[in-house]
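Let's take a friendly walk through this structure, from one residue outwards. Have the viewer ready.

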Amino acid sequence: MAKVQIPPSEFTEIPRLREIIKMLPEEIRVCSKHGEEVDIKVGKFLPNQGPGVPFAEAYWEGCSVEAIARVIDAVRKKTLELIDRAKQTYREELAGELEPEHTGDIVAIELGTGGYFVGKDEVEAADKARAAGHRGILYFLRVGSPFTHCLMSPRQ
Amino acid sequence: MQIDGYFNLGDEPVIKLEVGPSLIEVLVDTGFSGSLIVPSEIANRLDLKLEGPEEFQTASGEMVLAR
């Protein structure tokens, strides 16, 4: 089996990646030649290490590097597609409902279901979504604004 | 409350902030509309959970998708 390592800096993304993988069509997830499914594996847990990276390693596993690359690319595209859909949901359905009463607040839209929750910030909106039993990836938008935050210092 | 800051080698205004067990250098952006952004390495160390992405607009008008 082929492996592609996931850097520790991206370990926080593994739950999101796994959720997106589940949404991909079988012909992308499963190699047509060998029948193996591309998946994310994690190494052994690191005991008593305190806060931090919970396992020794994480990696993509599949029958070939090409099959893994195909899934990684599909996950990236699917994520962008879901974000576009969330933005469309906002424009077509939620803007009229939430503006102007909630202008300036944050709306969290669950990417898989389109369910949404409003809060004064991301933490409050996410807490409401989790309290309502939504476990999926959230996309955050500021009501009445084309972007959620602005950064004014130059980025390097 | 007063926090003393300084300019780093890149001439950026920064402060030292204790985040979990680490003391990190944090850029002060007076035009930032959010609260605190930390690199994913630090988010990992703090066992923070990733809730989802959002978009930022930079000073040049560019839109950046933050994971």
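Which residues does Tyr139(A) touch, not counting residues up to four places away in sequence? In chain A they are Ile83(A), Ala86(A), Ile109(A) and Leu111(A), and in chain B they are Gly52(B), Pro53(B) and Glu54(B). Two residues are in contact if their C-beta atoms, placed from the backbone, lie within 7 Å.

## Reading the model

This is a predicted model, in which local features need pLDDT of at least 70 and side-chain atom pairs count only at pLDDT 80 or more, while totals for chains, interfaces and linings use all residues. Residues are numbered from 1 along each chain as its sequence is written, with chains lettered from A and ligands numbered from 1 in the order in which they are written.

## Two cores in chain A

Tyr139(A) is also one of the residues with the most contacts inside the largest nonpolar core, which has 18 residues; Val107(A) and Phe140(A) are among the others. Here a nonpolar core is a set of buried Ala, Val, Leu, Ile, Met, Phe, Trp, Tyr and Cys residues joined through C-beta atoms within 7 Å, and buried means that 20 or more other C-beta atoms lie within 10 Å of a residue's own. At least two residues of this core come from each of α3, β4 (106–110), β5 (116–119), α4 (122–131) and β6 (138–142) of chain A. Helices (H or I, at least four residues) and strands (E, at least two) are DSSP runs, numbered from the N terminus.

A second, separate core has nine residues, including Leu17(A), Ile21(A), Trp60(A) and Val75(A).

## The three-stranded sheet

Trp60(A) is also the bridge partner, in β3(A), of Ile40(A). The open sheet has the strand order β1-β3-β2 (chain A), with antiparallel pairing; strands pair if DSSP finds at least two bridges between them. Because β1 (2–5) and β2 (39–42) of chain A each have a single partner strand, one side of each is left without a neighbour in the sheet. Between β2(A) and β3 (residues 58–62) of chain A there are four bridges.

## Where the chains meet

The contact takes 26 residues from chain A and 28 residues from chain B. On the chain B side, α1 (40–45) and β4 (54–57) are the elements that give two or more residues, and α1(B) supplies the largest share, five residues.

Strand β7 (residues 149–150) of chain A pairs with β4(B) in the parallel sense over two bridges. There, Cys150(A) stands opposite Gln57(B).

Conventions
A residue is buried if 20 or more other C-beta atoms lie within 10 Å of its own, exposed if 12 or fewer, and partly exposed in between; C-beta atoms are placed from the backbone.
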